[in-house]
Amino acid sequence: MSRLLAGPPLTRTDTRVDFDVWSTTATLVVTNPDSLNAALSELDDELAGIDATCSRFRADSEINRVLATPDRDVQLSPVLNAAITAALRIADATNYLVDPTVAAAVIAQGYDSDIAAVVARAMTDGAIGTSTSAGRPAPGAWRIRHDPTTAVLYLPAGVGIDLGATAKALAADRAATRIARATGSGVLVGLGGDIAVAGDAPPGGWRIAVAEDHRGSAQTHQTVSIIAGGLATSSTTVRRWRTSSGWAHHIVDPRTGENPAPLWRTASVAAASCVDANAAATAAIVLGLDAAEWLVARGLPALLIDVNGSARALAGWPASEEAA
Amino acid sequence: MTQGNQNTSGQALRRRVRLVSVGAVAAAALATAGVTVGLAHSATTDTVASAGSSTAVSSTAVSPTAVSPTAVSSTGDAAASTTADTGAASSSTATSTSSTSSLTAAATAPAASSGQSHASSGGS
């Protein structure tokens, strides 16, 4: 299997290493310095597995092979089975506000390749033309038949799948779990701001800077600590590009096939897993006005930043000067 | 007089019971018809959904005349629609089999912190 973290790291210390991957940054932190190399190997394995199975930007990925053979039962690999299981569970749990069948709408908006290539093309061309199918609702994940026990998937023709909303967070969860199990060290895995932790946390917990851009180039709203589970941020301020009909970003409302009405530009959520945190953050941006009630009803601590930059802390998220 | 009133009341009570029974039967019949219509809609417009069962996701059709772009789940959440902008008569909405599926909160909420952070969570 090809390695994704084979190149030189962006930074490396005794307990932390950062890499470029998937046009974003992978961060690995361990509490035991002796475990860093083993942890890095586990992380690399996990990312390579997710990439080979779930990436819609690789012609040879398993998901693209599945998409090319609709209307029949397909046996899935364990990794893709886990990814499909997670995506369908999230679709169900969010009442299809986060739905993998949004693929066609995302592509119609111009997000048809790695985000770095999309942004570069938009800059070169001035704007990306949107497809005539833009603005069509997602077919709906309930049309997909999947048995997670037998790992068999039946995908109807015309129903695409984009695992982008869950696969990165799933990779963080899976990597953190396997690293903790393999090394016994406490571990934090961050993939472009989707953070999962496992094992024993350091004293005071894992300290996480919450910002609009995981690269830290934007304002940090506050620093919070978690000791288990995951923390994720979704934002409309990144992964955006100019189209022939205005700016577009990567979050699409499955009900309309379009970017949601601009109310929250960034949502950060803490949950029992990174997958759940990421799904809740995305759902919050899609929901707009109803997001606060939705998050509180589920007891999901969250920080919402509106388009004017005002912050709102919910459901036990610690207040800060900005969020108070 | 009193006995007559009691008889009258008894007859009235029996009539009410009959009416309630008839009403219940009628409601059951309507519900059955509704289910039948729903299944027929499902069978004709969503063969995939009706072709088999799934332990992860199922498909249930609502009345073909439904026009609401949203549905309300058992938990009262706003649900997704597939036909919001088409105006099509067949507004299929989803009912998940796994109604217990939900996002899970962490056992411990995040706490305010300071100092050097281990990582950043931001848009990516």
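Start with helix α3(A): 15 of its 16 residues are buried, so the rest of the structure largely encloses this helix. Keep in mind that we're looking at a predicted model here. The length of α3(A), residues 78-93 of chain A, checks out too: at 1.5 Å a residue it should span 22 Å, and its end C-alpha atoms are indeed 22 Å apart. Just past α3(A), Asn95(A) takes a positive phi of about 50°.

**What packs against α3(A)**

One partner is helix α1(A), residues 36-54, whose axis comes within 9 Å of the α3(A) axis and crosses it at roughly 75°. A crossing between 65 and 115 degrees counts as roughly perpendicular, so that's how α1(A) sits relative to α3(A). Here's who makes the contact:

| Helix | Residues in the contact |
|---|---|
| α1(A) | Gly49(A), Ile50(A), Thr53(A), Cys54(A) |
| α3(A) | Val79(A), Leu80(A), Ala83(A) |

Sorted by class, that's five nonpolar residues, two polar ones and no charged ones.

**The nonpolar core**

Ala83(A) turns up again in the largest nonpolar core, which has 105 residues. Along with Val187(A), Val269(A), Ala280(A), Ala284(A) and Ala302(A), Ala83(A) touches the most other members of that core. As a general backdrop, nonpolar side chains tend to be buried together in soluble globular proteins.

Which residues does Ala302(A) contact, once neighbours within four places in sequence are left aside? On one side of Ala302(A) in the numbering there are Ala267(A), Ser268(A), Val269(A), Ala280(A), Ala284(A) and Leu295(A). On the other, Ala302(A) contacts Leu314(A), Ala315(A) and Trp317(A). Val269(A), Ala280(A) and Ala284(A) are also on the list of residues that touch the most other core members.

**A buried loop residue**

Thr256(A) belongs to the loop between β13 (246-249) and β14 (264-271) of chain A. Is Thr256(A) buried or exposed? Thr256(A) has 20 C-beta neighbours inside 10 Å, so Thr256(A) counts as buried. Thr256(A) is also 154 residues away from Val102(A) in sequence, yet their C-alpha atoms are 9.6 Å apart in space.

**And chain B**

Chain B has two helices and two strands, and along the sequence they run α-α-β-β. Of the 124 residues in chain B, 26% are buried. If you look at chain B contacts between residues at least 6 apart in sequence, 43% of them join residues at least 24 apart.

Methods:
Residues are numbered from 1 along each chain as its sequence is written. Chains are lettered from A and ligands numbered from 1 in the order in which they are written. This is a predicted model: local features need pLDDT of at least 70, side-chain atom pairs count only at pLDDT 80 or more; totals for chains, interfaces and linings use all residues. Helices (H or I, at least four residues) and strands (E, at least two) are DSSP runs, numbered from the N terminus. The expected span of a helix is 1.5 Å times one less than its number of residues. A residue is buried if 20 or more other C-beta atoms lie within 10 Å of its own, exposed if 12 or fewer, and partly exposed in between; C-beta atoms are placed from the backbone. Two residues are in contact if their C-beta atoms, placed from the backbone, lie within 7 Å. A nonpolar core is a set of buried Ala, Val, Leu, Ile, Met, Phe, Trp, Tyr and Cys residues joined through C-beta atoms within 7 Å. Axes are lines fitted to C-alpha atoms, for helices over the stretch in contact, and angles run from 0 to 180 degrees between N-to-C directions. Angles under 35 degrees count as roughly parallel, over 145 as roughly antiparallel, 65 to 115 as roughly perpendicular and the rest as oblique. Ala, Val, Leu, Ile, Met, Phe, Trp, Tyr, Cys and Pro count as nonpolar, Asp, Glu, Lys and Arg as charged, and the others, Gly among them, as polar.
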